[in-house]
Each structure stands twice: as C-alpha cells, then as structure tokens.
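Subject: Structure for your review

Dear colleague,

Please find below the structure that I am handing over to you. My findings follow it, arranged by topic.

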Amino acid sequence: MKTRILPISSIDDNTLWSNLKIGDEKSFSLLFERYYSDLVNYGNSLSPYAEKVQDCVQDVFTDIWVYRNSLQEFVVVKAYLLSSVRKRIARLYERDHIFRKTASTDAIAFLLEFSVENELLDDDYAAKEKVVYLNKLLNELPPRQKEALYLRYHQGLSVEQIAEMLDVNYQSASNLLHRGLLTLRKEWKGSFTLIALLFSSTV
C-alpha cells in the first residue's frame, strides 16, 4: 500500500510550526512561501519604504529559525507573523528616530488603500460606482479603525488577535471595529446589503 503524500496546501500551519521547531527546513520554507506576500503587503501598509519592509519580513523569519527552540509551542501562526512584522517595523521607526524614544505602534499610520472591487463587482447589486464610493469611505476612516477592519476582513483575525496585535484590550479592539462599521453605516447612502456582505466576517 502506497503512502499518500499530502499536497502542500493541505499541511496546516500548526504542523508546519511544530516541525520547524525541531529543525525541519522544509516546513520553515513552506511557511515562508505561504505568508511572505501577505506579510510584505501588510508591512507596506505601515511603511512607505518597500525595501525596508522586505528586510523586516526577512528578519522576522530569520529570527524564527534562529530562535526556533524557544518559540511558543502553540500559536496562531498567521497572527503571530503579522504581529512580529508590526513590532519589527515599530523598532525600525524607533531606530530612525521617527518615534523619538518610543517604539509604540500607535504612531504608525495605516497606509493601505482598501479595494473591495474584485470581491463585489460580480454581484448584481454591486454597481461599480457604489463600490468606488464604498472604497472612498473605507479609506477615510481613522487609521486604527481602518487597520482593525483590514486585519479582521482581509486577514481573518479574531478580535482577540487584533487586540494583541494593536496592544489594546479586547473591548478597545471591538470598539475600533464597531466604530468603523458604524461610520460606514452612517455615511453609506446605498443598499446596506453591500456593507453587510463586506463585513459579514466581523460579526
């Protein structure tokens, strides 16, 4: 009987994480390939310096490999990686004296431009002009609300994970999401179905 070889996409994060902790280079490489683009995109939302962002992401993975023996046993890998990139960029800002004497990520402006056009234009009720207007509303939100919505909707993180990443308590993270959604509901003049679809994963 032949042993069935699982495709790469079916190997879950926890298995890869456990394997890299014991020195499996292939598992480390698979996690790198799986999340590198997402981490760079997120890093670019926090810093306009693309090359430095790539360096930060690579440094995160380097540290993971070098210090693999001391890594936590159980983590939500995606949330851990996103949080590590955020902290690394904060240290970069501190080193460059942009944050003066603090490495608080509160001072990081969330730069990413939302674009939900690809997800929604195929639906009958998502006329292009309405989606353009919704993008405009999203991108006019305060940076912290915008980032919280990005992490929840685009990255699929839980409220608990967002709170940890943003270094706030659960209620504060929940408030950021709620206020962002409330602003959209207040300003949005079109069908509420569009917003409900967009943020169905946040409720």
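In which loop is Asp-167 found? Asp-167 is located in the loop between H8 and H9. With a relative accessible area of 68%, Asp-167 is exposed, since the cut-off for that class is over 50%. The phi angle of Asp-167 is near 60°, a positive value in a residue other than glycine. Please bear in mind throughout that this is a predicted model.

Overall composition

The secondary structure of the protein chain consists of 10 helices and zero strands. Of its 203 residues, 41% count as buried. The accessible surface of the chain is about 11,800 Å², and carbon and sulfur atoms account for 51% of that area. Among contacts between residues at least 6 apart in sequence, 62% join residues that are at least 24 apart.

The nonpolar core

In soluble globular proteins, nonpolar side chains tend to be buried together. In the present model, the largest nonpolar core has 47 residues. The members that touch the most others are Trp-17, Leu-39, Val-57, Ile-64, Leu-81, Leu-151 and Ile-162. Two or more residues are given to this core by each of several helices, among them H1 (13–21), H2 (25–46), H3 (50–66) and H4 (77–95). Further along the chain, H6 (128–139), H7 (143–154), H8 (159–166) and H9 (170–187) also belong to that group. The largest share, nine residues, comes from H2.

Leu-81 may serve as an example from this core. Leaving aside its neighbours within four places in sequence, Leu-81 is in contact with Tyr-35, Leu-39, Val-60, Phe-61 and Ile-64.

Packing of H7, H8 and H9

The axes of H7 and H9 come within 8 Å and cross at roughly 100°. These two helices, H7 and H9, are therefore roughly perpendicular to each other. On the H7 side, Arg-144, Gln-145, Ala-148, Leu-149 and Arg-152 take part in the meeting. Their counterparts in H9 are Leu-176, Leu-177, Arg-179, Gly-180 and Thr-183.

H8 also packs with H9, at an angle of about 105° and with the axes 8 Å apart. H8 and H9 are therefore roughly perpendicular to each other. The contact is formed by Val-159, Glu-160, Ile-162, Ala-163 and Leu-166 of H8, together with Tyr-170, Ala-173, Ser-174, Leu-176 and Leu-177 of H9.

Glu-160 deserves a separate word. This residue of helix H8 has its C-alpha atom 5.8 Å from that of Tyr-170, although the two are 10 residues apart along the chain. The side chain of Glu-160 also makes a polar contact with the side chain of Ser-158, at 3.3 Å.

A residue in the loop between H7 and H8

Is Gln-155 buried or exposed? Gln-155 is found in the loop between H7 and H8, and its relative accessibility of 7% means that it counts as buried, the cut-off being under 20%. Not counting residues up to four places away in sequence, Gln-155 touches Asp-38, Lys-78, Leu-82 and Tyr-150. With one of these, Lys-78, the side chain of Gln-155 makes a polar contact to the side chain at 3.0 Å.

In short, the two loop residues discussed here fall into opposite classes: Asp-167 is exposed, whereas Gln-155 is buried.

Yours sincerely

Notes: Residues numbered from 1 in each chain as written. Predicted model: local features only at pLDDT ≥ 70, side-chain atom pairs only at ≥ 80, totals over all residues. Heavy atoms only, no water. Core = buried A, V, L, I, M, F, W, Y, C linked by side-chain atoms within 4.5 Å. Buried < 20%, exposed > 50% of the residue type's maximum accessible area, 1.4 Å probe, protein only. Helix = DSSP H or I, 4+ residues; strand = E, 2+ residues; numbered from the N terminus. Contact = heavy atoms within 4.5 Å. Polar contact = N/O pair within 3.5 Å; in protein donor to acceptor, adjacent residues only side chain to side chain. Areas by Shrake-Rupley, 256 points an atom, 1.4 Å probe, with all protein chains shown as cover. Axes fitted to C-alpha atoms, helices over the stretch in contact; angles between N-to-C directions. Parallel < 35°, antiparallel > 145°, perpendicular 65-115°, else oblique.
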